[in-house]
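Reader: I would like a close look at one part of this structure. Please take a single residue, place it, and then work outwards to the parts around it.

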Protein chains: 2
Amino acid sequence: MILPQRGFKTSEYRQRTTRAQALMVAEGLSALLLTTEPELRYYTGFLTRFWESPTRPWFVVVPAQGDPIAVIPSIGAHLMGQSWITDIRTWQAPDYDDDGVGLLLDALQEVTTQEGRIGVSDQLESHVRMPRADLLRLEAGLAPRQIVGDAAITRRLRMIKSDDEIAKIKHAAGIADRAFDRVPEIAKAGVPLSQVFRQFQMLCLDEGADWVPYLAGAAGQGGYGDVISPATDQPLQHGDVLMLDTGLVWDGYFCDFDRNFHLGAPTTAVVQGHALLIEATAAAFEIAQPGAVIADLHKVIETITNPGGAVMSAGRVGHGLGMQLTEWPSIISQDMTPLEPGMVLTLEPSVALEDGKILVHEENIVIGQGGATYLSSPQAPKIRQLG
Amino acid sequence: MILPQRGFKTSEYRQRTTRAQALMVAEGLSALLLTTEPELRYYTGFLTRFWESPTRPWFVVVPAQGDPIAVIPSIGAHLMGQSWITDIRTWQAPDYDDDGVGLLLDALQEVTTQEGRIGVSDQLESHVRMPRADLLRLEAGLAPRQIVGDAAITRRLRMIKSDDEIAKIKHAAGIADRAFDRVPEIAKAGVPLSQVFRQFQMLCLDEGADWVPYLAGAAGQGGYGDVISPATDQPLQHGDVLMLDTGLVWDGYFCDFDRNFHLGAPTTAVVQGHALLIEATAAAFEIAQPGAVIADLHKVIETITNPGGAVMSAGRVGHGLGMQLTEWPSIISQDMTPLEPGMVLTLEPSVALEDGKILVHEENIVIGQGGATYLSSPQAPKIRQLG
């Protein structure tokens with residue numbers, strides 16, 4: 001197996017930056033202020049699991065002209081120093097008197113005039129990752145400059161993946177495919193679901209995942225109640241549907257899909273439910289190309305899996321995917337985003353069975369000029385059987 | 001091995017809630033608005049890895065009187081329904097017109113008067129996890145009620161752990177101890193560091209971790225450059241110091257400590273550096289009891305490891321630990337928090353060697369009435385040798 005190259009060429013980061021700057025001009029923004037992991041990583045390549053620690057804020061300023069400026073805790077200086085960013089300003093965090101706000105204020109004042117409008121992410125799926133008290137302090141210090149919404153600039157750019165990004169997602173999906181193929185090694189009647197979860201994560205790592213940020217799943221007779229629960233210690237039973245849904249990472253890029261298994265011969269309801277899921281996925285895949293909008297995918301899936309239009313708890317039937325487990329757009333009827341080459345999506349239909357039980361299936365695809373390509377291995381209509 | 005019980009009794013959640021409500025009265029707050037994973041879980045027990053998805057906001061309102069109200073996406077209704085919370089209000093998220101703001105507004109208006117002051121986390125280590133545009137909409141809708149800081153109420157409560165919380169952290173630390181003892185199985189000259197990382201995570205899972213949210217580390221001749229980097233594919237070499245630092249989770253509680261290993265016989269500088277780290281840890285452990293303040297721990301550690309008072313990039317020499325990899329307080333000279341029984345801390349000294357190389361050691365302890373107890377297995381002064 002040939003691994004994709006880790007990291008990206010500096011030219012890719014430069015291109016992301018100049019594209020953002022072109023949009024900033026169009027939107028009348030003087031700078032972008034980035035505060036979250038994927039935003040920082042998108043422009044700088046700063047990849048670390050240290051974001052798991054909530055202690056320290058991290059900032060990158062993208063000015064309307066010129067290279068980004070990193071304003072970060074000193075503990076990150078060594079790692080950021082290996083990126084293409086050369087203007088790295090650090091403070092010894094945590095500092096209870098001033099945890100980087102003064103340094104950030106200086107950087108923002110340096111690259112903007114008093115009329116400056118500084119964009120931060122403010123739309124759905126976003127948050128500003130810094131203490132609210134510090135953000136209010138920053139706003140006061142910046143006046144008459146204003147902190148405003150970023151017109152979804154970073155989000156718009158990130159929605160279209162480069163070939164190198166797609167190669168990483170495809171590699172991650174391949175790892176998960178191989179791990180799913182090995183589920184018969186670890187799952188049988190009598191094994192606690194929590195042990196299946198632990199061992200499935202081991203399989204993902206063994207197959208080459210860097211880490212496994214996400215695993216959810218469930219097991220139940222004739223289906224399951226939700227798709228976000230952690231494992232219980234309940235042993236698997238003959239007649240259970242076992243679902244595992246993983247978001248594993250390779251070089252900072254996620255796959256996100258699930259597989260369903262049946263312990264023993266499945267009931268007719270499960271057989272038919274699973275076949276409907278596969279039919280809906282295939283139908284959405286078929287029309288997933290430039291010319292269609294996201295809502296079209298929703299419609300074709302719901303027509304097959306939910307012709308009565310019942311309210312489904314998941315709220316959507318797929319979403320974007322890349323540096324995060326879930327990204328925009330959401331496959332819902334409200335979403336009129338046109339499909340474009342380079343968009344990576346999950347198709348994630350669900351069906352409701354009896355007694356509040358559901359089945360959910362998920363595949364990962366990339367949109368190309370002439371149609372979509374699967375990044376995960378599309379499944380057969382027949383649910384996989386264990387034991 | 002006897003596992004601690006998963007979850008907590010309802011009485012523990014009720015106690016957390018009534019304690020918060022007593023502080024709310026003292027601070028003149030009408031309600032708390034919770035938006036982040038540990039805040040929600042602390043009061044409700046809502047444990048899921050689904051927070052990895054940034055798509056949906058999640059809210060819990062703790063009124064000054066009465067039980068908490070969950071205002072959450074419908075995808076979480078089934079799981080939240082298994083908690084002690086009975087007032088669960090859901091919407092089908094994502095909703096591009098109103099992603100829960102209207103529902104949240106109703107709940108907050110219901111439990112507060114027009115003079116109401118609604119507290120959100122606003123201090124260091126916090127952020128408000130919802131889109132900024134929605135937060136501004138919420139503030140406008142709530143007027144004349146005000147959104148203000150939460151006077152660190154949840155943070156103050158979480159700093160003192162219950163016996164059941166401590167049992168979970170101790171169990172997590174035991175898992176990591178056993179995984180570290182098995183590092184000789186996976187690390188030797190010629191093995192790429194990335195493979196060591198993958199296999200170390202497998203060892204953590206094999207020893208009983210639910211998942212491994214955090215692993216950082218490094219390998220280098222005579223020390224390493226930082227403690228937050230992901231692994232490279234560089235093979236280990238004779239003469240390397242290998243450091244692995246893990247935050248693994250059991251039932252939602254973290255341990256957080258590292259171990260250093262030397263490939264072959266260590267140099268005098270490494271031997272002495274490691275011995276200093278152990279000496280500093282032991283000295284801090286010795287004085288870690290009620291009567292001391294956090295700054296005292298900083299002083300005793302720095303006196304041993306950094307008598308010249310050089311600026312250290314890590315910025316602190318330990319921190320709180322529990323539902324998150326790192327929690328308050330920070331062991332820095334500014335921190336005057338009195339040590340109290342039930343506080344769980346990491347002691348994390350570092351020493352600077354030649355050429356910008358550092359060594360870092362970390363242990364986990366809990367403060368008791370008569371002194372501290374180790375939750376991780378304290379290490380000998382001699383660095384562990386591989387091969």
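Author: A word on terms comes before the residue. Helices (H or I, at least four residues) and strands (E, at least two) are DSSP runs, numbered from the N terminus. This is a predicted model, in which local features need pLDDT of at least 70, side-chain atom pairs count only at pLDDT 80 or more, and totals for chains, interfaces and linings use all residues. Residues are numbered from 1 along each chain as its sequence is written, while chains are lettered from A and ligands numbered from 1 in the order in which they are written.

Start with B:I332. It sits in the loop between β12 (327–330) and β13 (344–347) of chain B. B:I332 counts as buried because it has 21 C-beta neighbours inside 10 Å. The cut-offs are these: 20 or more other C-beta atoms within 10 Å make a residue buried, 12 or fewer make it exposed, and anything in between is partly exposed, with C-beta atoms placed from the backbone.

B:A295 is 37 residues away from B:I332 in sequence, yet the C-alpha atoms are 5.8 Å apart. Leaving out residues up to four places away in sequence, B:I332 touches A:P94, B:H298 and B:R316. Contact here requires C-beta atoms, placed from the backbone, within 7 Å.

A:P94 belongs to chain A, which leads to the interface. There, 63 residues of chain A contact 63 residues of chain B. On the chain A side, the elements that give two or more residues are α3 (77–80), α5 (132–142), α8 (193–206) and β7 (211–221). The largest share, 6 residues, comes from β7(A). By class, this side has 30 nonpolar, 22 polar and 11 charged residues. Ala, Val, Leu, Ile, Met, Phe, Trp, Tyr, Cys and Pro count as nonpolar, Asp, Glu, Lys and Arg as charged, and the others, Gly among them, as polar.

Next, the symmetry. A turn of 180° and a shift of 0.0 Å along the axis lay chain A on chain B with an RMSD of 0.0 Å. The two copies are therefore related as by a two-fold rotation axis. The superposition is by least squares on the C-alpha atoms of residues with pLDDT of at least 70 in both. Of the residues of chain A, A:M202 comes closest to the axis, with its C-alpha at 2.6 Å. Both copies use the same surface: 100% of the contact residues of chain A recur in chain B.

Now α5(A), one of the interface elements. Strands β5 (residues 117–120) and β6 (residues 146–149) of chain A run parallel and are joined by 4 bridges. Strands pair if DSSP finds at least two bridges between them. A:G119 stands opposite A:V148 in β6(A). From β5(A) the chain crosses through α5(A) to β6(A), in a right-handed β-α-β crossover. Right-handed means that, with the strands pointing away from the viewer, the path from the first strand over the helix to the second runs clockwise.

Last, a helix of chain B. In α2 (residues 37–44), 6 of the 8 residues are buried, and the helix is mostly covered. The buried ones are B:E37, B:E39, B:L40, B:Y42, B:Y43 and B:T44. Their cover includes α1 (10–27), β1 (31–34), β2 (59–63), β3 (69–73), α3 (77–80) and α6 (153–159) of chain B. After α2(B) comes B:G45, with a positive phi near 85°.

Conventions. Contact = placed C-beta atoms within 7 Å.
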